Amino acid sequence: MTMQTDAFVVRPLTLDDLDALLPLVEALHTGDGDPFDPQRTVDALQLVLSHPEYGVVHVAVVGETIAGYIVGSLGLSIEAGGRFLLVDELYVSPAWRGQGLARALLASLIPYAQSHHCRVVELEVGWENDRARTWYERLGFERHRRFFCSITLEALDRRLVQRLAR
């Protein structure tokens with residue numbers, strides 16, 4: 001899936017793109033106050049590239065520069081009535097914002113979601129990120145009255161085993 005305008009191209013990520021993509025992933029993670037581990041990021045991206053049934057990564061390229069990216073992963077939800085696509089990450093470099101790259105990146109996931117029979121598109125956005133939240137809401141995304149929570153599998157296993165041992 002490739003989408004092209006006069007200003008940029010949206011195309012699937014390749015292994016050759018990983019080094020150029022890492023600074024964008026780092027900017028997103030550190031900007032959100034999340035830890036950034038380059039090796040863990042490369043491992044996850046390589047996993048998606050080698051298993052397209054897990055998800056997809058697209059990049060927006062301006063000239064020779066990767067100016068943005070999006071990661072979509074597949075999930076299953078009874079509440080959603082089946083499969084859903086999670087927009088795991090969407091980032092456009094500040095210099096390229098406001099030029100339609102984010103919209104094009106999001107649109108690039110639709111054929112993938114359709115081909116995997118997704119019924120819903122979900123995403124998470126920080127409550128403090130008013131600009132992104134407003135943009136998503138203008139597109140029709142609805143807020144849920146839930147909190148997104150996470151824990152590493154290792155930590156959950158350790159805590160459950162400790163509690164069960166009591």
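# Exercises on strand β3, the cores and the salt bridges

Strand β3 is mostly covered, with 8 of its 8 residues buried. Here buried means under 20% relative accessible area, exposed means over 50%, and partly exposed lies in between (1.4 Å probe, protein chains only). Strands (E, at least two residues) and helices (H or I, at least four) are DSSP runs, numbered from the N terminus.

The model is predicted: local features need pLDDT of at least 70, side-chain atom pairs count only at pLDDT 80 or more, and totals for chains, interfaces and linings use all residues. Residues are numbered from 1 along each chain as its sequence is written, and side-chain values use heavy atoms, with hydrogens and water left out.

**Exercise 1.** State which residues of β3 lie on each of its two faces, and whether they are buried or exposed.

*Solution.*
Step 1. In a regular strand, side chains alternate between the two faces of the sheet.
Step 2. One side of β3 holds G55, V57, V59 and V61.
Step 3. The other side holds V56, H58, A60 and V62.
Step 4. The residues on both sides are all buried, so both faces of β3 are covered.

**Exercise 2.** Find the strands that pair with β3, and give the sense of each pairing.

*Solution.*
Step 1. Two strands pair if DSSP finds at least two bridges between them.
Step 2. Strand β2 (residues 9–12) runs antiparallel to β3 and is joined to it by 4 bridges. In this pairing, P12 has H58 of β3 as its bridge partner.
Step 3. β3 also pairs with β4 in the antiparallel sense, over 8 bridges. Here V62 stands opposite T65 in β4.
Step 4. The hairpin of β3 and β4 has 2 residues between the strands, and G63 takes a positive phi near 65 degrees.

**Exercise 3.** Describe the largest nonpolar core and the contacts of L85.

*Solution.*
Step 1. A nonpolar core is a set of buried Ala, Val, Leu, Ile, Met, Phe, Trp, Tyr and Cys residues joined through side-chain atoms within 4.5 Å.
Step 2. The largest core has 23 residues, and I70, L85, L90, L101 and L105 touch the most other members.
Step 3. At least two residues of this core come from each of β3 (55–62), β4 (65–77), β5 (82–92), α3 (101–108), α4 (110–115) and α5 (130–139).
Step 4. Another core, of 18 residues, lies apart from it; among its members are L18, V42, L45 and V57.
Step 5. Contact means heavy atoms within 4.5 Å. Not counting residues up to four places away in sequence, L85 touches ten listed below. 
These are G72, S73, L74, L109, Y112, A113, C118, V120, V121 and E122.

**Exercise 4.** Work out how buried or exposed the two partners are in the salt bridges R11 with D17 and D130 with R133.

*Solution.*
Step 1. A salt bridge is a side-chain nitrogen of Lys or Arg within 4 Å of a carboxyl oxygen of Asp or Glu. By this rule the count is 4.
Step 2. In the salt bridge of R11 with D17, the closest N and O atoms are 2.7 Å apart. R11 is partly exposed, because its relative accessible area is 22%, whereas D17 is buried at 8%.
Step 3. D130 and R133 meet in a salt bridge of 2.9 Å, N to O. The two are 3 residues apart in helix α5, so about one helical turn separates them.
Step 4. D130 is partly exposed, with a relative accessible area of 43%, whereas R133 counts as buried at 13%.
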